[in-house]
Amino acid sequence: MLKKLLGGRWAGAAGDPVETALGTLEREVMDVLWREGDLAVRDVQTRLVRSIAYTTVMTTLDRLYKKGVLLRRQSGRAFFYSAAVTRPQLQAQIASSVLAGLLQSRDGAAPVLSNLVDSVSAQDGGADLLEKLEAMVRDKRRHLKNK
């Protein structure tokens, strides 16, 4: 029922926070830049699968730059863009931000943690993943104790 309530935006993108955090064109632009690197607006535009107006691509690149996921440098009159983070780094940042928001309330933390454990254990190799999670918790406790 929850998947139906949330719709395809969340349900269909399970496992990839980038799919839910960025719009369709933003993802397409990021895919081009992750694949090819330092490009001018026109270069990004020509590499997109669908035909998008130059000004739309320029606006999208500027928005992504302002969000901090792109770097920008000027050469003459043109701006060149490149990814500020890798896709896995962006996924981790988004997941971390979502979790931090969910865990802000002490009352809300227990259900989130419970769902995390349930989700981890439901995966293929869930027992191994739970072992890794347990080891991470032990390491973090040691680290916090030694501060």
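Student: What is the relative accessible area of Leu102, and how do I read it?

Tutor: The cut-offs come first: under 20% relative accessible area is buried, over 50% is exposed, and partly exposed sits in between, using a 1.4 Å probe and protein chains only. Leu102 comes out at 44%, so it is partly exposed. This is a predicted model, in which local features need pLDDT of at least 70 and side-chain atom pairs count only at pLDDT 80 or more, while totals for chains, interfaces and linings use all residues. Residues are numbered from 1 along each chain as its sequence is written, and side-chain values use heavy atoms, with hydrogens and water left out.

Student: Where does Leu102 sit, and how many helices and strands does the chain have?

Tutor: Elements are DSSP runs numbered from the N terminus: helices are H or I with at least four residues, strands are E with at least two. Leu102 belongs to helix 7. The chain has nine helices and three strands, and from the N terminus they run α-α-α-α-β-α-α-β-β-α-α-α.

Student: What share of the chain is buried?

Tutor: Of the 147 residues in the chain, 25% are buried. Val85 is a good case to look at: it lies in the loop between strand 3 (78–83) and helix 7. Its relative accessibility is 12%, so Val85 counts as buried. For a sense of its surroundings, the C-alpha atoms of Val85 and Leu71 are 9.0 Å apart, with the two residues 14 positions from each other along the chain.

Student: Back to the surface. Which residues make the nonpolar patch?

Tutor: Patch members have over 30% relative accessible area and no salt bridge; nonpolar side chains (Val, Leu, Ile, Met, Phe, Trp, Tyr) are joined within 5 Å, like charges within 9 Å. The areas come from the Shrake-Rupley method with a 1.4 Å probe, and for residues only the protein chains shown count as cover. Here Val98, Leu99, Leu102, Leu103, Leu113 and Leu116 make a nonpolar patch of about 460 Å². Helix 7 (87–103) and helix 8 (106–122) are the elements giving two or more residues to it. Helix 7 gives the most, four residues.

Student: Which element holds Leu113, and is the residue buried or exposed?

Tutor: Leu113 is in helix 8. Neither extreme fits: its relative accessible area is 44%, so Leu113 is partly exposed. Its C-alpha atom is 8.6 Å from that of Leu103, 10 residues away along the chain.

Student: How much space is in the second largest pocket, and what lines it?

Tutor: On a 1 Å grid over the protein atoms alone, a pocket is an open set of points with protein on both sides within 12 Å along at least five of seven lines; lining residues have an atom within 4 Å of a point. Grid points are joined across faces, edges and corners, and the volume is the space filled by probe spheres set on them. The second largest pocket holds about 280 Å³. Its lining is Leu99, Leu116, Val120, Gln123, Leu129, Lys132, Leu133 and Met136. Helix 8 and helix 9 (126–145) are the elements that give two or more residues to this lining, and helix 9 has the largest share, with four. By class, the lining has six nonpolar, one polar and one charged residues.

Student: How many salt bridges are there?

Tutor: Side chains of opposite charge can pair when their charged atoms come close. The cut-off is a side-chain nitrogen of Lys or Arg within 4 Å of a carboxyl oxygen of Asp or Glu. The structure holds 12. One of them joins Arg50 and Glu28, at 3.1 Å from N to O. That pair links distant parts of the chain, 22 residues apart: Arg50 is in the loop between helix 5 (41–47) and helix 6 (54–66), and Glu28 is in helix 4 (residues 24–36). Arg50 is partly exposed at 38%, and so is Glu28 at 22%.

Student: What about Arg142 and Asp139: how far apart are they in helix 9?

Tutor: They are three residues apart in helix 9, which means about one helical turn separates them. Their closest N and O atoms are 3.0 Å apart, a salt bridge. Arg142 is partly exposed at 47%, and Asp139 is partly exposed at 44%. Elsewhere, salt bridges that share partners join Glu19, Arg27, Asp31 and Arg87 into one network.

Technical notes: On a 1 Å grid over the protein atoms alone, a cavity is a set of points where a 1.4 Å probe fits but cannot get out, and a pocket is an open set with protein on both sides within 12 Å along at least five of seven lines; lining residues have an atom within 4 Å of a point. Ala, Val, Leu, Ile, Met, Phe, Trp, Tyr, Cys and Pro count as nonpolar, Asp, Glu, Lys and Arg as charged, and the others, Gly among them, as polar.
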